[in-house]
Amino acid sequence: MLTPTDYTHMSHALQLAERGMYSTDPNPRVGCVLVKDGVVVGTGWHEVAGGPHAEIHALNDAGTNARGATAYVTLEPCCHHGKTPPCTDALIAAGVARVVAAMTDPNPKVGGQGLQQLRDAGIEVESGLLESQALALNPGFVQRMRSGRPWVRCKSALSLDGKTALANGQSQWITGDAARLDVQRWRARSSAIVTGIGTVLADDPSLTVRIDTGKQPARQPLRVVLDRQLRISPAAKILARPGNTLILTTVADARRVAALQRESVQVVTLPELNLDAVLAQLAQQQCNEVWVEAGATLSGALLGAGLVDELIFYVAPKLLGDSARGLFQLPALSALADAVSLEFKDVRMVGNDMRIIAKIHSRK
């Protein structure tokens, strides 16, 4: 039976898991707390992809005090050999008496088998404590494992009257410094940043992470350009960091592709650049969370196709007028009942701007 103390220690484990926000990709963010006789004897979190898991750090921290302890872990312990040995084996060998997991692992290689191994070893097991909070830590990992596509966030900076740029294309800067810094944090936690060739040609963005995430240098997400006709210039800033840019195209021009590949740019030619295929390709590359910074065409296409999981708006206290550019290119509606309905999940001030995080409530 779960107790208030169990909730306290799992909350601690969730806080530890957040410390891996920017460094565990493509693995999930996981925290672990070991408690014996009411005292915390070990803590750990998954610090970096390829490194020891949270349970191993906590067991090393606890030493012999792990025997007879309760392990609170935000995700079911793994039971398979990956880059590291199974955590279930380590927990059993350490002699823990009880394991409380926030959620089962959606990875089909685990999927409840880890918890069953612990039960078979005589360890008391409970699962589901603060599950929604654990899910919120790893929406992309969970969705990729369950449905084969990443979690898609679409970002827009706009004026109060819903405009993203002047008629002449000028958009720097609608929002203030604090909002742009917040964008950097969202970029940093993402597996990939996606944009369209229209944005690359118009704005020549670099789409890099330019904040201190506690890791030096900061992990740079994969930068992805959807470029159907392969119009990108070799001098584009988004190509400046070798080995970290992916171009998805339908053009099988061996000469142009080879020229880009010589610059360590990854080029994948698809039969058709439909958005389902794009997300499937990113899932194959183990992308969990995708951050979209694009214009009205690509953003509208993703939204219209029902492929956006979260919208993040930075709304500036400005009015740009009727001639300014709009937010999404979407089909005209004949009835309000056909509108895309949103659910506001978080609304707060970021500097002088308002940040709204919204999920798609319904798609008619």
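In the predicted model, helix H6 spans residues 139-147, and its buried residues are Pro139, Gly140, Phe141, Val142, Gln143 and Arg144. The cover over these buried residues of H6 is drawn from several elements, including the helices H5 (131-137), H7 (177-189) and H10 (275-284). Strand S6 (151-159) and strand S11 (289-292) also take part in covering the buried residues of H6. After H6 comes glycine 148, which has a positive phi, near 80°.

Strand S11 reappears as a partner of strand S7, with which it pairs in the parallel sense over 3 bridges. Within this pairing, isoleucine 193 has tryptophan 291 of S11 as its bridge partner. Strand S7 is also joined to strand S8 (residues 222-226), here by 5 bridges, and S7 and S8 run parallel. Threonine 195 is bridged to valine 225 in S8. Strand S7 itself comprises residues 192-196, and because 5 of its 5 residues are buried, this strand is largely enclosed by the rest of the structure. The residues of S7 point in two directions: Ala192, Val194 and Gly196 face one way, Ile193 and Thr195 face the other way, and all are buried.

An open sheet is formed by 5 strands in the order S2-S1-S3-S4-S5, with mixed pairing. The edges of this sheet are held by strand S2 (39-45) and strand S5 (124-127); each has a single partner strand, so one side of each is left without a neighbour in the sheet. On average, and with direction ignored, neighbouring strands of the sheet are turned by 15° against each other. At the S5 edge, strand S4 (residues 98-101) is connected to S5 by 4 bridges, and S4 and S5 run parallel. One of the residues involved is alanine 101, whose bridge partner in S5 is serine 127. Helix H4 (residues 113-120) lies across both S4 and S5, and its direction makes an angle of about 155° with S5.

A further packing arrangement involves helix H2 (residues 54-62) and helix H3 (residues 87-94), whose axes are 9 Å apart and meet at an angle of about 20°. This angle makes H2 roughly parallel to H3, and the crossing of H2 and H3 is left-handed. On the H2 side, the contact is made by Glu55, Ile56 and Leu59, while H3 contributes Cys87, Ala90, Leu91 and Ala94. Classified by residue type, the contact of H2 with H3 contains 6 nonpolar residues, 1 charged residue and no polar residues.

Valine 48 is placed in the loop between S2 and H2, and therefore follows the edge strand and precedes the helix described above. Its relative accessibility is 40%, so valine 48 counts as partly exposed. When residues up to four places away in sequence are left out of account, valine 48 touches Ser23 and Thr24. Serine 156 lies 108 residues from valine 48 along the chain, and the C-alpha atoms of valine 48 and serine 156 are separated by 30 Å.

Terms used:
Residues numbered from 1 in each chain as written. Predicted model: local features only at pLDDT ≥ 70, side-chain atom pairs only at ≥ 80, totals over all residues. Heavy atoms only, no water. Pairing = 2+ DSSP bridges. Axes fitted to C-alpha atoms, helices over the stretch in contact; angles between N-to-C directions. Contact = heavy atoms within 4.5 Å. Parallel < 35°, antiparallel > 145°, perpendicular 65-115°, else oblique. Left-handed = near helix turned anticlockwise from the far one by under 90°. Nonpolar A, V, L, I, M, F, W, Y, C, P; charged D, E, K, R; others polar. Buried < 20%, exposed > 50% of the residue type's maximum accessible area, 1.4 Å probe, protein only.
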